Structure formats: structure tokens, C-alpha cells
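Q: Please give a close account of a single part of this model, namely one domain interface. A connected description with explicit criteria would be appreciated.

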Amino acid sequence: MSMFCYQCEQTAKGAGCTVLGVCGKEPTTAALQDLLVYAIKDLSRYANRARQLGSVDKAVNVFTVKALFSTLTNVDFDPARFQALLKEAASIKERAKSLYEAACKRAGKKAEQLPCEVQWWTNLDDLDALVKTGALVGVQDKINKLGPDVAGLQELIVYGLKGLAAYADHAQILGKEDDAVYAFIHKTLDRLTQKPTDIGELLQTALAVGQINLKAMELLDAGNTGTYGHPEPTQVRITSVKGKCIVVSGHDLKDLEELLKQTQGKRINVYTHGEMLPCNAYPGLKKYKHLVGNYGGAWQDQRNEFDAFPGAILMTTNCIQKPKDSYKARIFTSGVVGWAGVTHISNGDFTPVIKAALAAPGFTEDAPAKSITIGFARNTIMSVAGKVIDAVKAGKIRHFFLIGGCDGAKPGRNYFTEFAQKVPNDCVILTLACGKYRFNKLDFGDIDGIPRLLDCGQCNDAYSAIQIAVALAGAFKCGVNDLPLSFVLSWYEQKAVVILLTLLHLGIKNIKLGPSLPAFVSPAALNVLVEKFNIAPVGSVDEDLTAILAAK
Ligand code: SF4
Ligand code: SF3
């Protein structure tokens with residue numbers, strides 16, 4: 001069985017995974033994901049029409065973002081979970097349809113008939129049949145029908161929506177929602193089921209995804225800081241401590257909090273991993289003394305790191321890789337993450353994780369203490385804004401580089417390490433997301449007490465970095481593009497795609513993007529982006545750095 005997926009940066013040969021995902025996604029799961037996206041588009045037609053008549057349903061909204069998030073790269077690889085999601089999609093579709101029909105009745109309107117080309121809701125109990133149906137709605141088919149320009153831009157929009165859904169889901173879990181976000185997702189997916197349009201309209205829609213994403217990220221920021229306080233500069237231990245242990249990876253602060261509560265007094269040390277590192281800087285999380293530090297690096301190192309970890313592992317959303325047999329029995333998933341054969345915690349009760357930690361040997365001794373400093377989110381930086389501005393005015397800080405985004409396994413990603421290392425000593429590096437592991441353990445020193453490396457947090461905290469840029473522009477009374485600030489971004493999955501769309505929506509120009517450009521953006525679409533935003537692929541570090549510093 002074949003497949004086609006080109007939604008992430010590591011897609012095979014820079015063109016598309018056709019036999020097996022480089023991420024480990026099997027063709028069966030790929031077909032089920034394609035079918036689920038098709039199903040979400042179908043139910044969005046009803047949700048959109050119902051909303052236009054004033055009827056909104058929370059279950060429809062929440063399901064839409066959870067289901068979309070499930071199809072993001074490195075989130076859910078379990079066919080059984082997708083079958084369950086498709087079953088739920090069928091009942092949610094009926095719910096949205098009834099909502100729409102009832103709203104029509106109230107408004108004295110005739111409900112539109114919305115036929116569906118592929119009857120995705122039949123054979124829901126037959127996994128093989130669902131996989132066959134999924135093969136009818138694949139992306140390759142769309143490229144064949146619409147051509148690479150239109151199909152690629154439609155996919156750009158869908159991938160942007162997946163990233164947006166991830167942020168909306170994280171925010172919703174922390175009690176922050178805005179119907180404008182759900183409304184946009186339903187309206188846009190509905191639009192994608194209709195007659196395809198030209199490159200211009202599609203690009204405009206893609207930028208609109210970026211615009212609404214700013215709202216979703218703002219909600220998430222409010223959820224995180226409202227629940228756990230503002231991150232504050234914090235020294236985080238990055239070496240192990242003697243004792244039983246659990247490592248938590250992914251992005252979900254609430255899962256970590258629950259686990260910390262449930263492990264309190266049990267003599268188990270909890271470590272963050274990957275994108276959970278910034279959790280150590282939140283007052284509401286760092287107050288737990290058994291949150292002892294961070295273990296390991298970015299997501300693509302997990303197979304070796306989890307193998308070597310002598311305790312239990314909790315993988316919240318995202319990125320999971322195929323677990324090795326050596327730790328398959330002691331890794332657990334939560335949220336929308338899934339891997340066939342791995343125990344999933346769906347009710348917030350982490351007893352199985354705790355049992356596995358107690359059964360494992362734990363660290364037998366303390367490793368030599370070593371730490372890094374994190375916690376430079378917007379609140380902290382704004383509080384020293386005056387000092388930063390003075391340093392710029394006095395010529396002590398020449399330039400800011402935002403070097404951030406996703407990490408990944410490709411050798412070309414060394415560009416970002418080399419770039420950070422070559423940034424001149426009178427420049428400051430802002431960073432966020434897991435790409436920072438390429439350089440966050442290096443010593444960059446400081447400029448008059450201002451650290452030269454400022455870690456703003458997770459990819460989920462891109463809102464914070466944007467607010468810092470906007471505040472600097474306000475202080476210097478100029479636009480963000482006129483600041484001595486350059487964006488050097490690494491991307492991997494669809495959260496990075498939507499953040500990029502947000503930056504473009506904000507009019508940010510001259511972004512350097514790497515390690516390679518998205519396969520789904522066709523040359524024609526890329527030309528428009530280059531013309532409008534002067535976005536460019538990363539090149540040689542020396543040339544890029546010289547060109548950036550000469551231009552500002
Ligand atoms: Fe390939 Fe990326 Fe799709 Fe996985 S998510 S199948 S690696 S393009
Ligand atoms: Fe990383 Fe997956 Fe994107 Fe959150 S953990 S940035 S890749």
C-alpha cells in the first residue's frame with residue numbers, strides 16, 4: 001500500500017513520503033489521518049452554517065481541534081485511536097447537522113443539502129475498509145486534480161489550521177477559548193470543500209490563518225500565565241539526581257502539574273524533557289521541589305535518551321518517536337498522543353506511570369551539578385526593557401537575532417548551532433522552541449548583566465516573543481521590520497507552519513527559513529512569498545550573518 005504525505009520538513013527526498021513516513025507513520029495511519037481530515041471538513045460545513053444562524057456547540061468545537069491536532073506530525077501513530085476518532089467524527093457530524101437543521105427551522109429557512117463525494121462514515125467498525133476509503137481522499141489525488149500550486153496552498157492552509165488547532169486545544173485545556181478561533185477553523189475548512197480558487201485568495205486565507213493564530217496563542221499565553229504565573233529567570237539543573245524518576249516530554253503544562261501533584265511525597269524525582277524545559281520557570285510548577293530539572297535534549301534524541309533513562313516516561317503532546325522495546329513498557333502517552341501498544345492515560349490518573357517509576361532502578365547517584373538559565377518570557381524581558389533599550393542606544397547591543405523553531409534529525413540543522421556560535425559578542429540571541437537545544441547549553445556570557453542568550457520558552461510561547469518584538473518597536477518608535485532584529489527560523493512540523501504564517505501576517509520581512517523549504521509550497525507560491533516578504537532559505541552561515549548585519 002502506498003501513501004503520500006509532505007506536511008513536515010523531513011519528508012522523504014524533500015518531496016513526499018510515499019512508502020513509509022520518515023517519522024515512522026505507516027500507510028494505514030496515513031490513510032486514516034487523511035480520512036479524518038476529510039471528515040472534519042465535512043462536519044465543518046454544518047458547524048459553519050449553524051454558527052451563521054447563531055447556533056454553536058462546544059462538543060463540536062472541542063472535537064474539531066482535538067481531531068485536527070491528532071493528525072499533526074509526531075502526535076498519534078495508532079490506527080485504533082484514529083478509528084475511534086472517525087467514529088466520534090460521525091456522531092459529531094450528526095450533532096452539527098442537527099444543530100444546523102434546528103437553527104434553519106427556527107430561522108424559517110430551508111436547510112441546504114450537503115452531499116459528500118466519499119461516504120467516510122460507512123464501515124466504521126471495519127478498520128481495513130476505513131483505510132481503503134482513506135486512500136480515496138489522499139493528498140496525491142488532490143495534486144493530480146488541482147495541480148501543485150493550488151493543492152499545495154490548500155495544504156498550507158490545512159497545515160496552518162493543524163498548528164492553530166494545537167494551540168487552541170492547549171488553551172482550551174487551561175480553560176481559555178474564543179469562539180472566533182473555532183468559527184475561523186470551521187469557515188475555512190468549509191471553504192476548502194468548495195470550488196478551488198486562485199493562488200491570490202489561497203495565500204490571503206493562509207495569512208488569515210496566521211492572524212487568527214495570534215488570538216489562539218494569546219489565549220494559550222493567558223492560560224499558561226494565568227494558571228502558573230509568569231515565567232521567571234530560573235537556573236535549571238540539567239544533570240541527574242539520585243533516586244527514582246519520571247521524565248515528562250511534550251508541551252502540556254497541565255499534565256505535568258497533575259503528575260507533580262500525584263507524585264508529591266512519593267520520593268520520585270520529576271524531570272522535564274524537550275519542550276517541557278520552560279516549565280521549570282513557572283512559579284506554579286517550580287514550587288514542587290521534586291521537579292528537579294531537565295533531562296536530555298530535543299525530541300529527535302528521545303530514543304537514545306529514554307533508553308538510558310532509569311525510570312518512567314510520560315509523553316504529552318508532541319513529538320513522539322517509535323518507542324524502543326527497551327522502554328516500551330515504561331513509556332506512557334497522554335492527551336492526543338498515541339502509539340499502538342503504549343499505555344495511554346486518558347483520565348488524568350498517572351498511577352501506572354508512578355508504579356513504573358517505582359519498579360525501575362532510578363538514578364543510583366548524583367551526576368555533577370550543571371545548570372542553564374531559562375525563563376526569559378515577555379514579562380521578564382519587559383521588566384528590564386529600559387536596561388535593554390539603554391544598551392541598544394549606547395551601542396552596547398548592536399543587534400538581536402531570534403534563532404528558534406523546531407529541531408529535527410537532519411545534519412543541515414547544524415546551521416543553527418553554527419549561526420548562534422558566530423553571532424558577534426555585541427549581539428543578543430532570543431530563542432524559543434526545541435531548536436534551541438542546538439546551542440542552549442553553550443555559554444554566551446552577558447552584556448552589562450543582560451544574558452546574551454534569552455530563552456523565551458516553548459514553540460507555544462511564540463506569542464511571548466512576538467510581544468517582545470512589538471514592545472521593542474514601540475520603545476524605539478518604529479516598525480518591527482525597522483528594529484535591529486532578524487528572524488532565523490528552523491521549522492519541522494505544523495505548529496511552526498502556523499507561527500510562520502503569523503509572522504507573515506504581521507508583515508515581518510526577511511525571515512531566513514531552514515533547514516529546507518516546505519515541499520508543499522510550489523515554486524509559483526514561493527515566488528509570491530519572496531516578492532512580498534523576502535523570505536529566504538538559509539544559506540551559508542557566514543554569508544547570511546554578514547548580509548543581515550550589513551543590511552541593518
Ligand atoms: Fe513524512 Fe513528515 Fe508526513 Fe511523517 S509527517 S509521513 S515524515 S511528511
Ligand atoms: Fe519541537 Fe516537536 Fe516543533 Fe515545539 S517538540 S517545536 S518539533
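A: A salt bridge is taken here as a side-chain nitrogen of Lys or Arg within 4 Å of a carboxyl oxygen of Asp or Glu. By that rule, zero salt bridges cross the interface of domain 1 and domain 2. The model is predicted, with local features requiring pLDDT of at least 70 and side-chain atom pairs pLDDT 80 or more, while totals for chains, interfaces and linings use all residues. Residues are numbered from 1 along each chain as its sequence is written, and side-chain values use heavy atoms, without hydrogens and water.

The chain comprises domain 1 (12-226), domain 2 (234-359) and domain 3 (378-551), with bounds from an automatic or database domain assignment. Over C-alpha atoms, the centres of domain 1 and domain 2 lie 30 Å apart. Domain 1 brings 15 residues to their contact and domain 2 brings 18 residues (heavy atoms within 4.5 Å).

About 1400 Å² is buried between domain 1 and domain 2, and carbon and sulfur atoms give 59% of this area (accessible area lost on being put together, 1.4 Å probe, summed over both parts). Of the area that domain 1 buries against domain 2, 35% comes from N74, V75 and R81, more than from any other three residues.

Although salt bridges number zero, seven residue pairs, both at pLDDT 80 or more, are in polar contact between domain 1 and domain 2 (N or O atoms within 3.5 Å, one able to donate a hydrogen and the other to accept it; residues adjacent in sequence count only if both atoms are side-chain atoms). On the side of domain 1 that touches domain 2, α2 (58-70) and α5 (139-173) each supply at least two residues (helices are DSSP runs of H or I, at least four residues, numbered from the N terminus). The most come from α2, with three residues. That side of domain 1 consists of six nonpolar, five polar and four charged residues.

Note on methods
Chains are lettered from A and ligands numbered from 1 in the order in which they are written. Buried area is the accessible area (1.4 Å probe) that two parts lose on being put together, summed over both. Ala, Val, Leu, Ile, Met, Phe, Trp, Tyr, Cys and Pro count as nonpolar, Asp, Glu, Lys and Arg as charged, and the others, Gly among them, as polar.
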